[in-house]
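Welcome to a short guided look at one protein chain. Keep the picture beside you and find each residue as it is named.

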Amino acid sequence: IFTNGSRKHANNVITNMQLDENLFSIFDIVDSDFVPKPERSPYERLIKKYDIIPEQSIFFEDIARNLKPAHDLGMKTGWVINEDNWAKEGHDEDHVHFKIKELDHFLEQCNLLIK
């Protein structure tokens, strides 16, 4: 989880969504040296910290403009559709590869395609 919020906030979200906290690493605003998305440097720090190969990765985000740095670094991107006008900004640009209504269904489809 890459959040502009705190580690505590990310853990609260994981708990509220009834997800297994052991399945997630959290990269929070402290890890990004207090530089928020969509600035490029925290994406670079995330990639370095987790040895991510951008060309083999997909970055999901509910704010479309936050996908641009991930795209520019070589990742595929998926915008989780929502109706907030400020989150939609840029959703129809080239840096958005996938528009996803339900992330769990999208991931299930990907898993089926991989098999």
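The report below walks through salt bridges, surface patches, strands and some backbone details.

## A predicted model

Before we start, please keep in mind that this is a predicted model.

## Salt bridges around arginine 7

Let us begin with pairs of opposite charge. How many salt bridges does a search of the whole structure find? The search gives 7. One of the pairs joins the side chains of arginine 7 and aspartate 28, with 3.9 Å from N to O. Arginine 7 sits in helix α1, while aspartate 28 belongs to the loop between α1 and α2, so this pair ties together parts that are 21 residues apart in sequence.

Arginine 7 also forms a salt bridge with aspartate 31, and here the closest N and O atoms are 2.8 Å apart. Aspartate 31 lies in the loop between α1 and α2 and arginine 7 in helix α1, so the pair ties together parts that are 24 residues apart in sequence. How well are these three residues covered? Arginine 7 is partly exposed, at 34% relative accessibility. Aspartate 28 is buried, with a relative accessible area of 5%, and aspartate 31 counts as buried too, at 17%. If you add Lys49 to your view, you can see a network of salt bridges that links Arg7, Asp28, Asp31 and Lys49.

## Another charged pair, and a negative patch

Now move along the chain to glutamate 83 and lysine 88. Their side chains meet in a salt bridge, at 3.2 Å from N to O. Which of these residues is exposed and which is partly exposed? Glutamate 83 is exposed, because its relative accessibility of 61% is over 50%. Lysine 88 is partly exposed, because its value of 24% falls between 20% and 50%.

Further along, look for a surface patch of negative charge, where Glu89, Asp92, Glu93 and Asp94 gather. Glutamate 89 can be found in the loop that runs between α4 (85-88) and β3 (98-100).

## A nonpolar patch

The surface has a nonpolar patch as well. Its members are Ile1, Val13, Met17, Leu19, Leu23 and Phe24, and together they have about 540 Å² of accessible area. Take leucine 19 as an example: this residue lies in the loop between α1 and α2. Leucine 19 is partly exposed, with 38% relative accessible area.

## Two strands side by side

Next, find strand β1, which covers residues 58-61. In a regular strand, the side chains alternate between the two faces of the sheet. Which residues of β1 are on the covered face, and which are on the uncovered one? Phe59 and Glu61 make up the covered face, whereas Ile58 and Phe60 make up the uncovered one.

β1 has a partner in strand β2, residues 76-80: the two pair in the parallel sense over 4 bridges. To trace one bridge yourself, start at isoleucine 58 and look across to lysine 76, its bridge partner in β2.

## A buried asparagine

Where is asparagine 66? This residue lies in the loop between β1 and α3 (68-72). Why does asparagine 66 count as buried? Its relative accessible area is 4%, and buried means under 20%, so asparagine 66 is buried. For a sense of distance, try locating glutamate 108 too: the C-alpha atoms of these residues, 42 residues apart along the chain, are separated by 24 Å.

## Details of the backbone

Three spots in the backbone deserve a visit. In the loop between α1 (7-16) and α2 (40-49) you will find proline 38. The peptide bond leading from lysine 37 to proline 38 is cis, with omega near 10 degrees.

The loop between α1 and α2 is also the place of phenylalanine 34. Although phenylalanine 34 is not a glycine, its phi is positive, about 65 degrees. Aspartate 51, in the loop between α2 and β1, is not a glycine either and has a positive phi of about 50 degrees. Are these two residues buried or exposed? Phenylalanine 34 counts as exposed at 59% relative accessibility, and aspartate 51 counts as exposed at 66%.

Notes
Residues are numbered from 1 along each chain as its sequence is written. This is a predicted model: local features need pLDDT of at least 70, side-chain atom pairs count only at pLDDT 80 or more; totals for chains, interfaces and linings use all residues. Side-chain values use heavy atoms; hydrogens and water are left out. Patches are made of residues with over 30% relative accessible area and no salt bridge: like charges are joined within 9 Å, nonpolar side chains (Val, Leu, Ile, Met, Phe, Trp, Tyr) within 5 Å. Accessible areas come from the Shrake-Rupley method with a 1.4 Å probe; for residues, only the protein chains shown count as cover. A salt bridge is a side-chain nitrogen of Lys or Arg within 4 Å of a carboxyl oxygen of Asp or Glu. Lys and Arg count as positive and Asp and Glu as negative; His and the chain ends are not counted. The place of a charge is taken as NZ of Lys, CZ of Arg, CG of Asp or CD of Glu. Buried means under 20% relative accessible area, exposed over 50%, partly exposed in between (1.4 Å probe, protein chains only). Two strands pair if DSSP finds at least two bridges between them.
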